[in-house]
Amino acid sequence: MHTGKRTALYTAVILVFLALTCFASILLGSRRVPFHFLIDLITGKDRTSLEAAVLLRRVPRTVFGLLAGAALGVSGALMQAITKNPVADPSILGVNTGASLFVVCGISFLHITTASQYIWLALAGAGLTAVLVYGIASLGNGGATPLKLVLAGSAASVALGSLVSTVMLPNSNVMNSFRFWQVGSIGGATWDSIMLMLPFLAVGLVLAFVMAPFLNTLLLGDEMAAGLGVNPGVVRGLSALSGIVLCGATTALAGPIGFVGLMVPHVLRMCLGSDLRRLIPLSALTGAVLLLFSDIIGRLIGYPGETEAGIVMAMIGAPVFIAIVRKVRIRSL
Amino acid sequence: MNNIKDKTLQGTQTGSKTTERIFRGSKKRRARWKLVSFFLALAVVVLCLLTLTVGNTFYSLPEVFRVLTAGGGTDAMRFTILTLRLPRMICGLLAGLSFGVAGYLFQTILRNPLASPDIIGISSATSTAAVFCLLILNLPNSVVPAIAVLTGLLVTLLIYLLSVTNGAFSQSRMILIGIGVQAIANAFTNYLLSRAAEYDTAATLQWLSGSLSGSTMEKVPVFAVCSGVLFVVVALLRHQLPVILLGDAFATGLGVNLRKMYPALLASGVILTATATAITGPIASVAFLAGPIASGIAGRGQNNLLPSGLMGAVLVLGADLVGQNLLPARYPVGVITGLLGAPYLILILLRLGAKGR
């Protein structure tokens, strides 16, 4: 089938899934609400009953899930394109732990309590860790191979994780507020947190869309790109900035959620080729569906409570990671 | 004729010289190995004694000996030394030895300094099993090691099977898959923690970062018997290790049955790791650090099983003393060793980079 047609078909399918998961996300949860209340709510017949209130409470969570998923998906697509590495993902690169460390330090040393304050800290932590890990992995003459990148990431995670414990353990207040942030959940989302995240996502996504054609040129190789009038350093830098803003802002508000950025672009690239002008918007859509889907799964398997989306995501994502590793040729490890 | 004879004579002479040099070198290395082992053992003994004497209150050595042997001393003293410090010392010693030996076995057999059980997900998986037993099934402490061991063995088998593609096994792939397995195990642990009762989580979190504070005398017998048996098994198999180091083809040629030896040695490593993890929690980086540090001091290319085990004990007991006494707050031992592990991992990556892997 022609790639254009295949893309159109895929887009249609993913949009249907998007609608379905949105419905499911509003309808399903620890309080069971019969279907006709949803119809009443949409048609405007009933907006005041308890059931309607429950359904309305799930709307910000759904919106937040969509936005966070889109951000993580695009961030993964960008990171894989920049590093030319199939296993690049915020969680694998240890970026989440970096953000955690900065947030913990903020909570315990600067006595920060509101999300609007630690979004900046998380961004700084994510950015620094990403640069550090990638820098360490690309030392020496083999470049940043998947094996080196993953190991540099886990080295950073171990080190930063120990630092997090050192800061956190003496102070049980910090430990409590951190514990809830650390699991990665979109359950606590409110309209306020969405408004807080929105400017970051807007900047990140616009930058990603602008960069897509240039990243395509970069896939031809740095020299070819330079010959075509594209500055590889600038393109990489701006794309990396966009990727870090997207995953840092999401991590600050939702906690560390891994594997969205790993799975989505990888699977899409297999089906639709590596044209980033297609890949980036579709990664956004697919990431949104995937995160919302795992949030719904978490609500179902955790019933009557719920299991955080970050945990469900790791349980789905890690096997996919293993499958990818099994497929990569040994030489390029 | 004469010429040839001369040359042959010369040949044998240089030959004997070379042999002599090899023997001398070997003797020198052997002496260094013995010296290093002796000093490591001495360090372990000193650290054990420090664990017994130093703490909130300091007790002098004669006092400690009186309590241990003759049953003298005040009640407070007896409580501190016999109930708090002695089990802490024994558990730290056994855990250090176990992690050190297990790490060395893995690194030797998989021929990669990164392939230690705490990096390739085995520690995480056994932790998950232990957390499951403690938080959800509420099993007694004595059963937990058995289940942890079983899980460890199964997960190792799984990681191994997954890293064989098209009939070819790759160590790099095994490490990456291990890291994937680790992610699953950690997710599952987090899930269990979020399900657990509030008052259980604090203790479990401390255990998860690797701590000797939960050591009690009741845990010592199971731990001692399990790891003791495995130490004996590994000690009996130790002569195979230098042969394995030569490579598969050589080892087979020299009469080592690799199909039996690899699984036996790896299984011993897994059991040691799992037992120690079930008691003290996954003390980060000890298995990963002990072998390379010991080999660095005692010299590479020989059987460094004993120095590695001793180095593991030095790391655990030393880090515990630092974490308990020298810092403004009390930290579990795993936090300190975790901080040590990271720079070393980065060093290895630099070396990998230099080799152009």
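The legends below accompany close-up views of a predicted model with chains A and B.

**View 1. Chain B is built from 14 helices and 2 strands.** The C-alpha trace of chain B spans about 90 × 55 × 35 Å along its principal axes. Chain B has 357 residues, and 51% of them are buried. Take the contacts in chain B with a separation of 6 or more: 75% of them join residues 24 or more positions apart.

**View 2. Chain B meets chain A over a buried area of about 3,600 Å².** Carbon and sulfur atoms give 76% of that area. On chain B, 45 residues are in contact, and they touch 45 residues of chain A. Three residues stand out on the chain B side: B:R173, B:L176 and B:L349. They supply 17% of the area that chain B buries against chain A, more than any other three residues.

**View 3. Several elements of chain B supply the side that touches chain A.** Each of the following gives at least two residues: α5 (144–162), β1 (164–165), α6 (171–195), α7 (198–208) and α14 (333–355). Helix α6(B) gives the most, with 16 residues. By residue class, this side of chain B divides into 27 nonpolar, 13 polar and 5 charged residues.

**View 4. Polar contacts, but no salt bridges, cross between chain B and chain A.** The count of salt bridges between the two chains is 0. Polar contact is found for 3 residue pairs across the interface, with both residues at pLDDT 80 or more.

**View 5. A salt bridge links A:D295 to A:R61.** The closest N and O atoms of this pair are 2.9 Å apart. A:D295 lies in helix α12 (residues 276–301) of chain A, and A:R61 lies in helix α3 (residues 50–83) of chain A. The pair therefore ties together parts that are 234 residues apart in sequence. Both A:D295 and A:R61 are buried. Over all chains, the count comes to 5 salt bridges.

**View 6. B:R88 and B:D320 form a salt bridge in chain B.** Their closest N and O atoms are 2.8 Å apart. B:R88 sits in helix α3 (residues 75–109) of chain B, and B:D320 sits in helix α13 (residues 305–326) of chain B. So this pair ties together parts that are 232 residues apart in sequence. B:R88 is buried, and B:D320 is buried too. Back in chain A, salt bridges that share partners join A:R61, A:D295 and A:R299 into one network.

**View 7. A:D275 and A:R277 meet through their side chains in a salt bridge.** The N to O distance is 3.2 Å. The two partners differ in exposure: A:D275 is buried, with a relative accessible area of 18%, whereas A:R277 is exposed, with a relative accessible area of 53%.

**View 8. A:F259 has a positive phi.** The angle is about 75°, although A:F259 is not a glycine. Most residues other than glycine have a negative phi. A:F259 is found in the loop between α10 (232–254) and α11 (260–272) of chain A. With a relative accessibility of 6%, A:F259 counts as buried.

**View 9. B:S285 also has a positive phi without being a glycine.** Its phi is near 70°. B:S285 lies in the loop between α11 (258–280) and α12 (286–298) of chain B. The residue is buried, with a relative accessible area of 7%.

**View 10. B:C48 is a cysteine in a structure that holds 0 disulfides.** The closest cysteine sulfur to that of B:C48 is in B:C91. The two sulfurs are 12 Å apart, so they are too far from each other for a bond. A disulfide would need the sulfur atoms within 2.5 Å. B:C48 itself is buried, with a relative accessible area of 8%. The count of 0 disulfides covers all chains.

Definitions and conventions. Residues are numbered from 1 along each chain as its sequence is written. Chains are lettered from A and ligands numbered from 1 in the order in which they are written. Side-chain values use heavy atoms; hydrogens and water are left out. Buried means under 20% relative accessible area, exposed over 50%, partly exposed in between (1.4 Å probe, protein chains only). Contact means heavy atoms within 4.5 Å. Buried area is the accessible area (1.4 Å probe) that two parts lose on being put together, summed over both. A salt bridge is a side-chain nitrogen of Lys or Arg within 4 Å of a carboxyl oxygen of Asp or Glu. A polar contact is a pair of N or O atoms within 3.5 Å; within protein, one must be able to donate a hydrogen and the other to accept it, and residues adjacent in sequence count only if both atoms are side-chain atoms. Helices (H or I, at least four residues) and strands (E, at least two) are DSSP runs, numbered from the N terminus. Ala, Val, Leu, Ile, Met, Phe, Trp, Tyr, Cys and Pro count as nonpolar, Asp, Glu, Lys and Arg as charged, and the others, Gly among them, as polar.
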